[in-house]
Amino acid sequence: MKQNIPRLLIVGYVWPEPNSSAAGHRMMQLISIFKEHGWKITFASSATESEHAADLQERGIDTQPVEINSSGFDTFLENLQPDVVMFDRFVVEEQFGWRVAEHCPGALRILDTEDLHCLRRARRRAILENRPFSEVDLLEDEVAKREIASILRCDLSLIISEYEMKLLTDHFQVDESLLHYLPFLLNPIDQAQVEEWPTFDDRAHYITMGNFRHPPNRDAVQFLKTEVWPRIRSRQKKAVLHVYGAYPSRQVTDLHEPREGFHIKGRTPDARAVVRSAKVCLAPLRFGAGLKGKLVEAMQCGTPSVTTPVGAEGLNGEKEWPGAVAQSSEEIAAAAVRLYTNRSAWEKAQVTGLEIVNTRFGKSRFEPAFTDRIQHVRENLGKHRRHNFTGSMLMHHTMASTRYMSKWIEAKNRM
């Protein structure tokens, strides 16, 4: 008897670019899990496809461009009849979640939060207002209300950071039955890979990395240029920093100043290669959320790092940081120079990074629990939804309001 192949629909905020951002890499990790378990996958997005997007069709994944505020998506759903629908970020669930609930009521709805947007937004506002961030700020944030509502409407939300899991359960009182902790899913680093890492003496210069469409990365580079880098150069007259990242704006490229050792490099075709060649990774992130892919990549390349508490959040747990965590520009600069010039501290940090990757983010540790959780919720979906009355209530009101607004926009667009 032929076994039914489960069907997954992913509705993407953008087409995934694994070489441009941690979010793109994360999406490809999720896709690979379902692919390895024999699922039939369709990826749909209303975004314009970039030349840097992953070739999903080459990986055996169907692709479908869709439009927001269009009943064409309803027809697409009815023809596809997915068993599971995964929304890439809460804004996508806002646009398409009610349509899935209406036309595929039996489909399990998963929200991949990527990170908590409301947390990043509230932290940014605190920086702009020159004051400390408080979790109480989230209670006054419009995006927090929208994002938590989206989490409640879905059957399961994927949370990438332990800190954000605690924030959701303790601060927002979200039931744990609606959440699943799923961090980066990494293959272990073996001794053969370690032996290929360039040594302390074989490396040179500082490096920083990040997609410049992401506001925390733009802010971090500006902070580096104006506050941190002058302090490093006052200690190391010939220090050089290479700034890599996709989509640098004019504001970023204008920071290029070779005479001061500050080099804007832009996109690189091989991020691992440039990180491996550097001696120290700098990531002075003043706001943000989730897990920072650039810092995990540094660990995978044996490159110690200096970051902030926001940058380190959710990564090292109870372990030491593989380098240094500092807050002020003076502390960051002093820690960076110490790490750059102290071989024993540098080598110790390299080993610590290896331990973090191998003990905290192993794919084999988290993948089975994730697939088992999906299976369990699918098999008990009716009971699961009855337990989440608040989510059902929110979906009811969303379908009664957002539906008619969307239909009005669609009708207006046809005029």
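What span should the 12 residues of helix 4 have at 1.5 Å a residue, and how far apart are the end C-alpha atoms of this helix? The legends below describe close-up views of a predicted model, beginning with this helix.

**View 1. Helix 4 and its packing partners in the predicted model.** Helix 4 comprises residues 117–128, and its 12 residues should span 16 Å at 1.5 Å a residue. The end C-alpha atoms of helix 4 are 17 Å apart, which agrees with that expectation. His-117, Cys-118, Leu-119, Arg-120, Ala-122, Arg-123 and Ala-126 of this helix are buried. In an α-helix there are 3.6 residues a turn, so residues three or four places apart point the same way. The buried residues of helix 4 pack against five named elements: helix 3 (90–103), helix 5 (142–153), helix 6 (162–171), helix 8 (215–235) and helix 12 (309–312). Just after helix 4, Asn-130 adopts a positive phi of about 55°.

**View 2. Gly-353 within helix 14.** Helix 14 covers residues 343–360 and contains Gly-353. With a relative accessible area of 1%, Gly-353 is buried. When residues up to four places away in sequence are not counted, Gly-353 touches Met-299 and Pro-322. Between Gly-353 and Asn-130, the C-alpha to C-alpha distance is 32 Å, and the two residues are 223 residues apart in sequence.

**View 3. Strand 4 between strand 1 and strand 5.** Is strand 4 largely enclosed by the rest of the structure or left exposed? Strand 4 (residues 84–88) has 5 of its 5 residues buried, so the rest of the structure largely encloses this strand. Its two faces are both covered, with Val-84, Met-86 and Asp-88 buried on one side and Val-85 and Phe-87 buried on the other. Strand 1 (residues 7–12) runs parallel to strand 4 and is joined to it by 4 bridges; here Leu-8 has Val-84 as its bridge partner. Strand 5 (residues 108–112) also runs parallel to strand 4, with 5 bridges between them; Phe-87 has Leu-111 of strand 5 as its bridge partner. Strand 4, helix 3 and strand 5 together make a right-handed β-α-β unit.

**View 4. Arg-89 in the loop between strand 4 and helix 3.** Arg-89 has a relative accessibility of 15% and therefore counts as buried, the cut-off being under 20%. Leaving aside neighbours within four places in sequence, Arg-89 is in contact with Tyr-13, Val-14, Ala-23, Leu-111, Asp-112, Thr-113, Glu-114 and His-117. Of these contacts, Leu-111 is also the bridge partner of Phe-87, and His-117 is one of the buried residues of helix 4.

**View 5. The open sheet in the order 10-9-8-11-12-13.** This sheet is formed by 6 strands with parallel pairing. Strand 10 (262–266) and strand 13 (323–325) stand at the edges with a single partner strand each, so one side of each has no neighbour in the sheet. From one strand to the next, the twist averages 20°. Strand 8 (residues 206–209) and strand 9 (residues 241–244) run parallel and are joined by 4 bridges, and Ile-207 stands opposite His-242 of strand 9. Helix 13 (residues 329–341) lies across strand 8, strand 11 (280–283), strand 12 (305–307) and strand 13, and runs at about 170° to strand 12.

**View 6. Aromatic pairs and an aromatic cluster.** The structure holds 10 aromatic pairs. In one of them, Trp-15 and Phe-43 are tilted, at 5.4 Å centre to centre and 40° between the planes. Trp-15 lies in the loop between strand 1 and helix 1 (22–36) and Phe-43 in strand 2 (residues 40–45), so the pair ties together parts that are 28 residues apart in sequence. Both rings belong to buried residues: the relative accessible area is 6% for Trp-15 and 0% for Phe-43. Tyr-181 and Phe-366 form an edge-to-face pair, at 5.7 Å centre to centre with 90° between the planes. This pair links distant parts of the chain, since Tyr-181 is in strand 7 (residues 179–181) and Phe-366 in helix 15 (residues 363–379), 185 residues apart. Tyr-181 counts as buried at 18% relative accessibility, and Phe-366 is buried with a relative accessible area of 9%. Tyr-206, Trp-229, Phe-262 and Tyr-340 form one aromatic cluster.

How values were computed: Residues numbered from 1 in each chain as written. Predicted model: local features only at pLDDT ≥ 70, side-chain atom pairs only at ≥ 80, totals over all residues. Heavy atoms only, no water. Expected span 1.5 Å × (residues − 1). Buried < 20%, exposed > 50% of the residue type's maximum accessible area, 1.4 Å probe, protein only. Contact = heavy atoms within 4.5 Å. Pairing = 2+ DSSP bridges. Right-handed = clockwise from strand over helix to strand, strands pointing away. Axes fitted to C-alpha atoms, helices over the stretch in contact; angles between N-to-C directions. Phe/Tyr/Trp six-rings, centres within 6.5 Å; stacked < 30°, edge-to-face > 60°.
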